[in-house]
Structures are given as structure tokens and as C-alpha cells.
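Student: Could you walk me through a few spots in this structure? I'd like to keep it casual.

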Amino acid sequence: MIDQLLTLIWTMTKIMIIILPVTIAVAYYTYFERKVLGYMHSRRGPNRVGPLGLLQPFADVFKMLFKELIVPTNANKFLFLLAPLLSLAPALAAWAVVPFDDWLVLADVDAGLLLILALTSMGVYGILLGGWASNSKYALIGGLRAAAQTVSYEIAMGFALVGVIVLAGTLNLTAIVEAQSGNIFTWYWLPLLPLFVIYFVSGVAETNRAPFDVAEGESEIVAGFHVEYSGAGFAVFFLAEYANMILISALASLLFMGGWLSPFSGIPVVGDTFLGEGGVHWFLLKTAVFCFLFLWFRATFPRYRYDQIMRLGWKVFIPITIVWIMVAGVFRVMGWFGG
Amino acid sequence: MSEIRNFTMNFGPQHPAAHGVLRLILELDGETVVRADPHVGLLHRATEKLAESKPYNHSIGYMDRLDYVSMMCNEHAYVRAIENLLEVSPPERAQWIRTMFDEVTRILNHLMWIGSNALDLGAMAVFLYAFRERENLMDVYEAVSGTRMHATYYRPGGVYRDLPDEMPKVAETRWRKGKELERINAWRQGSMLDFIEAFTDDFFHRVDDYETLLTDNRIWKQRTVGIGAVSPERALQLGFTGPMLRGSGVEWDLRKKQPYAKYREVDFDIPVGTNGDCYDRYLVRVEEMRQSARIIKQCIAWLRENPGPVIVRDFKVAPPTREEMKDDMEALIHHFKLFTEGYCVPEGETYVSVEAPKGEFGCYLVSDGANKPFRVHLRAPGYAHLASMHEMAKGHMLADIAALIATQDIVFGEIDR
């Protein structure tokens, strides 16, 4: 009994150790986004709350929490309140199998990649239900768009990951990273370059970020699926979106960019110093670069139209991935990369 | 089984892409627009009726508030109508100043348009870049008239005052200091003409910047090419003017076809499109910005060389100077009469139009000989453009509505008047 209790407490502690940094990362990712967008737009971003505006995320959180939670008339109250949680839970749960280093992972399960695919697909339920339960036309359109888009890009994304699985021969994320070890050219971005690009672009589409943000579509359907949400409900959707963005970035660095492996290992002279050592810092750095790309896209690109997104997903990405999976198979059989 | 009906949706009046208070009732089949029904009137302020109840000069300020992003062009039409009936003609320098400010206004308007068009299609950066440039032109407005937007600068018989010899400088604040302040004030060391010249020289590069972000961007092209195409014949039938008409390939520009102010003497080209879609209208407007900068440079060259009066010395129409009022009884009486009763305009009617940035902005003025107009009718270009919304939108998707509103360059101040 005591043993079970201790295990429970220990697991809860480990969960907190992962969830808290992720939540704080999300808070500062929003700050980072506003700063980056600000400087890209020749303005300053938040700079009033605290030094350099560093306390802005907390000010936002408090503002959101103290705002009234408005439930629209004739909305399905249960689903309306459930939807934000449905989108947040998978976004956080997926972090359980993300390895930060070769020893630092909450659940080192063999089907880690499959679990992540399953969980990220769940996120769309929150958006769809939120859009439907709001009893608003804009929200309904947003929800439908999000559902169609996420499902389509899920396929391209899944196929892109099949390439990784083919080369690595495992679904365990730690093992996938270790299969890439060697030097920067044995990481999977090189043999799977088309899949890498497609994976990341699909990731942007999957998280409904610009230029694929038709589910929110500011200038078309105002705020899309979360147009009726206020206060904490909105904040939770927001949290889920950003947690997903960080998750996609983390996965991109794990699956294609060698995770915690050092880009300098295997290179003479530099590789022998501390720079050649792998570690959690490399993983965080790579993730941060991908996070930055999300913001860069948002700052510069116009928004796709809904049907154009679908065309890109079905007619361009899926055929390319299918072809490249075969190429990856050839690599595997010839033993050129990994395996 | 219940019948499947189309989805009817209110697009506006509170909507980020409605450009003010457009209420567009959309009938959607999935995401495809079956019917687009624009409702106007939510910003109606009865400008035309108000103008009937006050002396002529008092309504100049109302004209600024019609199309509130191309203020001086509206004034120009109204002021020219009055001048037409009064049969006064402004001094040459005033006409050059008006030409220059019409073009400054055109750039102001097109910057607003390119920014909001890009924002409506999701490209945020262009919006803020355009506003950065716009701010400089707002400072020009402020330096010359005292206000950033509603200038009331053009007066019957000329302009309110001559261009300032010194461009006001930006003061130091907590956020603007040191090097950055020096950079901002670098253009502001000389006269206002120096400032405008520095701005226009730089502006060509700025337009190039916008084009780098948009013109060859795949997504931008996908969103604009082939959207809302209007044939030249149909554009004429629908009463299109300005860039909307030129985008369809009709080379019609009042500045060339019915020159006013000093447009006969400046050198510029009229850009025209070929397909009449959103992309062509975009290209036309971008090129117009360059042409406007070209005209401004020619105006600056003339204005530097030729000082002189900027308003007629006819005290029945334009006030005497403050100095004269101090020691001339008659001047004081003129001033008093002019600012209380105004002036009586001879009986008659006239229609005068100018090439405002959005198209033909016209003023139809009827006078019964009193000091107030008997009737003022204003022809707003946006009204005719908005009326074509259904025709342009039919068969396109919901997201294209945002592109169409943006390409029509809708401003509700002028449509509702």
C-alpha cells in the first residue's frame, strides 16, 4: 500500500516536473512571440510590465483568470466548458513520452511516436466541439475548417513520420534519436529532407498557425472556433495552441535534427571539446529555433484560403511523402542510413 | 428529412475586415458565397444636409470626414465647386501646393489600403510598415494645417497658409532618444519641402520593400489572382472609377482627361491592369504610389523656385491677414463679415470632380444666391464600388470576401456620407 502510494506521489512529482516548465515555457513563448513579431514589424512589443515587459505573461494570465466566463445563450454548456480542456489535455499529455536527454524522459515507452500521433489527433475534438457548442455561426465555420484541416494534415504528417520509422526501425523516441547519432549528416533531416519540410509545414497547419490559421481566420471569421470564449476558457485554448507549437518543434528536433545530440560531434578539434558533448541544452536550442520559425511565418506570410490549404495537403504533400517513404525504404535496404 | 438550406451569415457591422461598419449579409453554400448583400447607412451623418444649413466655408471640415483617409482630395472637390460658382481662381502657387497635397493624400490613402489589404489577407508586417511611412505624411499634414487628419487646409481661392519654412522636430521622450531620435529628426532639419523631398526619395525604396513581401509571394498571388475579376465593359457599366476601373484596363484618370490644378504641367503615367482582378488592382495602386511620388518631386521643384501668394487677395472670399486687421478698419469688417455671414455665391449650379485616390470624387453644388448652399450632393467613388459587391463575390469563397472588401478600398465615411 505504502509502496503504491509512494509510486503515485513520485509519478505525480515527475508529471509536475514536466508540466510546470512546459507551462512556463508557453507563457514566455507568448512573450517571445510578441517581442519577435514586434521587432519584425518595427515596433517594440510589450515593454511596460516589469523590466523589458518580462512580467507581461503573468499580467495576461491574471487578466484572463479574473475575467468573466461568458457562456452564450443556447450554447451547450457542458460541451462548451469541456472543449478547452479537451484540447489542452492531449497537448500536455504528449509531453510524457518526449525525451529531453537520453535519461530524462517521463515514460520511455516503445510506442512513443504512436502515442504522440494519437494524442495530437485528439486535440481537434476540443476545437470542433468548442466551435459547435458555442452556438455561433463564425465559431461553427471555424470548427469545421479546423476539423477538415487537421485531419488532412494528420495524414501527411503521419506519412512523414513513417519515413523516420522506416530508417530508425523503432517507435521509441529515445531510440530514434540514438539511431541518428554520428554527426550532423547522419541526422535524418538529410536523407528525409522532403519529409522533414513536409512534417514541419504540416505541423504548422496542424496547430492552426499562420499561414494556415483559417480556423481562427482573423479577417474572415473573426476568431473562428474560440470567438465566443472569454476569460479562462480562452486562456486554456491559448495554452493548448502554444503547448502544441512547442511540442511540434520538440518533435521536429527529435525526429529529424538529432534531439540532444551535438551538431559538432564527429567533427575534428571542435568535436573533442565540450561542444561535441550531447545534452539537454542542444535539444532546447533546436526546439527554440523551430519555435522561432513559427513566429517568423506568422510575421511575414499572408493567409492561405481554405480550399488552397486542402489542395496543398492532399495533392502536394501526401504524394510527395508516399514517394519518399519508398526512397527511405531503398535507403534502409541498401543500408545507407541508420539501421 | 429536413430541407438543406444555405447558411446566412452577418459579415459585420462589427467585424475586423469590414473596414468600418459594412454590414454584409452573406448567403453561403458551404464556404461558397451565393449572395452578398451589402447594407449601408450605419455611418450616415447627413453631411449633405448639414452643409445646407451653414455658410460655405464651414462645410470644408465636413469634407475631410467623408473619406477620412484621403482628406484633402475631398476638400479639393468641394472648394473647386465653390470657386467655380464664385468665378475666382487661386494663385498659381496655391494650385501647385494643392497638386502636391493631392498626391501626398494619394500616397496616404494607398498606404492605408496596402496595409489593410495585406492585413485582411493575413500579412501583418506590411500593415505596420505602411503605417510607419504614413506617420511621416501625417506629420506633413500637421505641419501645414495643424491637424493630422482633418486638415481644412484648402479654402476657396487658395490654401489656408503657405508651407512652413521649418519642419517641426520630434521631441525627446523616454522611448525616443539618442541615436533613434537623431535618425527621426535627420529629415526634419530644413523646411517642410526638404522633409517631403527626403521622404519621397526614400519612398521608392519603401514601395520596393512592400513589393518584395507581396508581389511575387505565392500565397499572395493565390489569394488575389483571378479573384473578383471585372471586365472593362462591366466596370464602366457599374460606374467604377479610379484604380478599380484602371485595374480592368480602362485608361481613365481625371488628372489626365480633365486636368485640374497643375496636373497639366506635371509629368506622370497612368498604370492600367489587364485582367481586372484583385492582383491587377494591387499592381495598379502600387504603381500609382510611385507616380504620386514622381509628381510630388516635380511640385517641390516648382515650389522651391516660385514664392508668392497662396490665396486670392479678394477680401469678399478670403480673410485679410491678422496684421492688416490690426490697423485697417475695413479689413476688420471684412474679417467679421467673412467669419459670421460668410459670402454669397452667385445663383447657379456646378458639378466638379477630382481624381481622389479611390476614384472620381465629385461635388454637385446648387446655389440660390444665399450664403449657404441650396443643395450639395457628393459623389463618392466607394458607393458605386460597393454596389458591385454581389457581382464580384458570387461564386467565390468566404475568405475572398475579405480580399474583395480590401481591393475595393472601402471607407465608410464616404459611402454613408
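What follows is a short chat about some strands, surface patches and loop residues.

Student: Before we start, what kind of model is this?
Tutor: This is a predicted model: local features need pLDDT of at least 70 and side-chain atom pairs count only at pLDDT 80 or more, while totals for chains, interfaces and linings use all residues. Residues are numbered from 1 along each chain as its sequence is written, chains are lettered from A and ligands numbered from 1 in the order in which they are written, and side-chain values use heavy atoms, with hydrogens and water left out.

Student: OK, strand β2 of chain B: how many of its residues are buried?
Tutor: 5 of the 7 in β2(B), residues 23–29, are buried. Buried means under 20% relative accessible area, exposed over 50%, and partly exposed in between (1.4 Å probe, protein chains only). Strands here are DSSP E runs of at least two residues and helices are H or I runs of at least four, numbered from the N terminus.

Student: And how many bridges join β2(B) to β3 of chain B?
Tutor: 7, and the two run antiparallel, with β3(B) covering residues 32–39. Pairing takes at least two DSSP bridges between two strands. In that pair, B:R23 stands opposite B:H39.

Student: What about the turn of that hairpin?
Tutor: There are 2 residues between β2(B) and β3(B), and B:G30 in the turn has a positive phi of about 70°.

Student: What sits on the other pairing, β1 with β2?
Tutor: Strand β1(B), residues 7–11, is joined to β2(B) by 5 bridges, again running antiparallel. There, B:N10 has B:I25 as its bridge partner.

Student: Switching topic: which residues other than glycine have a positive phi?
Tutor: Among them are B:E87, with phi near 55°, and B:D409, at about 55°. B:E87 is in the loop between α3 (71–86) and α4 (92–120) of chain B, while B:D409 is in the loop between α17 (398–408) and α18 (412–416) of that chain.

Student: Is B:D409 buried or exposed?
Tutor: B:D409 is buried because its relative accessible area is 5%. B:E87 is at 71%, so B:E87 counts as exposed.

Student: Last one: where is A:I9?
Tutor: A:I9 lies in helix α1 of chain A, residues 2–40. With a relative accessible area of 47%, A:I9 is partly exposed.
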